[in-house]
Amino acid sequence: MKRLLAMTVVAGSLVASAALSDESKSLVTVVTTAEPQTQLMAMVLTMQAAKQGATPHVLLCGPAGDIALKSAPDTVTAGQPPMDVSPQKLMMGILKQPGAKIEVCALYLPGKAAKADVLLDGIGVAKPGEMAGALLAADARLSF
């Protein structure tokens, strides 16, 4: 039985279509946009996939990396309608799901001239080789 998870966002910031089957349980979500509604929708769909049995692995690149900051901008911490939830709050909920992993891309912190201590607890820095492995894993479905 297949369950379909489709994420579509304008301007190529996040465009994906992933089918989750009983055999495939890993969902890799790559978020790059600065647009808070797009970030939130990526988190909503990732959380829904986790609730349906997928193990979420979220990679935050470029402006989306700001979601992972302790001192994050208001755009990622302000609640949005209709549930008054922010991208950062929902991301932290995803982190509590079994096997979940959330990372910023390897270029994000050097690009900000920052160290890993600026990230929220539980958020890591992706290692390119390991991330490539996650993207290529036989049981992985990708969304970016």
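Is Gln-80 buried or exposed? I will start there and work outwards. One caution before the answer: what you have on the screen is a predicted model.

Gln-80 is buried, and its relative accessible area is 14%. The residue sits in a loop, the one that runs between α2, residues 74-77, and α3. Setting aside neighbours within four places in sequence, the contacts of Gln-80 are with Pro-36, Gln-37, Leu-40, Thr-75, Val-85 and Pro-87.

Two of those names, Pro-36 and Pro-87, come back in the next item, the packing of two helices. Helix α1 covers residues 36-51 and helix α3 covers residues 87-95; their axes are 9 Å apart and meet at an angle of about 20°. That makes the two helices, α1 and α3, roughly parallel, since the cut-off for that label is an angle under 35 degrees. As for handedness, α1 and α3 cross in the left-handed sense.

Who makes the contact? From α1 the residues are Pro-36, Gln-39, Leu-40, Met-43, Val-44, Thr-46 and Met-47, and from α3 they are Pro-87, Leu-90, Met-91, Gly-93 and Ile-94. Sorted by class, this contact of α1 with α3 counts 9 nonpolar residues, 3 polar ones and no charged ones. Pro-36 and Leu-40 of α1 and Pro-87 of α3 belong to this contact, and Gln-80 touches each of these residues.

Let me stay on α1 for two more residues. Gln-39, in helix α1, is buried because its relative accessible area is 1%, and the cut-off for buried is under 20%. Its contacts, again leaving out neighbours within four places in sequence, are Val-31, Thr-33, Ala-34, Pro-63, Ala-64, Ile-67, Val-76 and Pro-87. Pro-87 is therefore a contact of Gln-39 and also one of Gln-80.

Thr-38 lies in helix α1 too, and at a relative accessible area of 11% this residue is buried. Thr-38 and Ala-64 are 26 residues apart in sequence, and their C-alpha atoms are 9.8 Å apart in space. Ala-64 also appeared among the contacts of Gln-39.

Now the strands. Strand β4, residues 55-60, runs parallel to strand β5, residues 101-104, and 4 bridges join them. Within that pairing, Leu-59 stands opposite Glu-103 of β5. Strand β5 is also joined to strand β6, residues 123-125, by 3 bridges, and this pair is parallel as well. There, Ile-102 has Ile-123 of β6 as its bridge partner. So β5 pairs with β4 and with β6. As a general reminder, side chains in a regular strand alternate between the two faces of the sheet.

For contrast with the buried residues, take Pro-128. It lies in helix α5, residues 128-136, and it counts as exposed, at 58% relative accessibility. Pro-128 and Leu-107 are 21 residues apart along the chain, with 9.8 Å between their C-alpha atoms.

Last, the chain as a whole. The secondary structure amounts to 5 helices and 7 strands, and read along the sequence the order is β-β-β-α-β-α-α-β-α-β-α-β. Of the 144 residues in the chain, 45% are buried. Taking contacts with a separation of 6 or more, 61% join residues 24 or more positions apart.

To go back to the opening: Gln-80 is a buried loop residue, and its contacts include Pro-36 and Leu-40, which take part in the packing of α1 on α3.

Note on methods: Residues are numbered from 1 along each chain as its sequence is written. This is a predicted model: local features need pLDDT of at least 70, side-chain atom pairs count only at pLDDT 80 or more; totals for chains, interfaces and linings use all residues. Side-chain values use heavy atoms; hydrogens and water are left out. Axes are lines fitted to C-alpha atoms, for helices over the stretch in contact, and angles run from 0 to 180 degrees between N-to-C directions. Helices (H or I, at least four residues) and strands (E, at least two) are DSSP runs, numbered from the N terminus. Angles under 35 degrees count as roughly parallel, over 145 as roughly antiparallel, 65 to 115 as roughly perpendicular and the rest as oblique. A crossing is left-handed if the near helix is turned anticlockwise from the far one by less than a right angle, and right-handed if clockwise. Contact means heavy atoms within 4.5 Å. Ala, Val, Leu, Ile, Met, Phe, Trp, Tyr, Cys and Pro count as nonpolar, Asp, Glu, Lys and Arg as charged, and the others, Gly among them, as polar. Buried means under 20% relative accessible area, exposed over 50%, partly exposed in between (1.4 Å probe, protein chains only). Two strands pair if DSSP finds at least two bridges between them.
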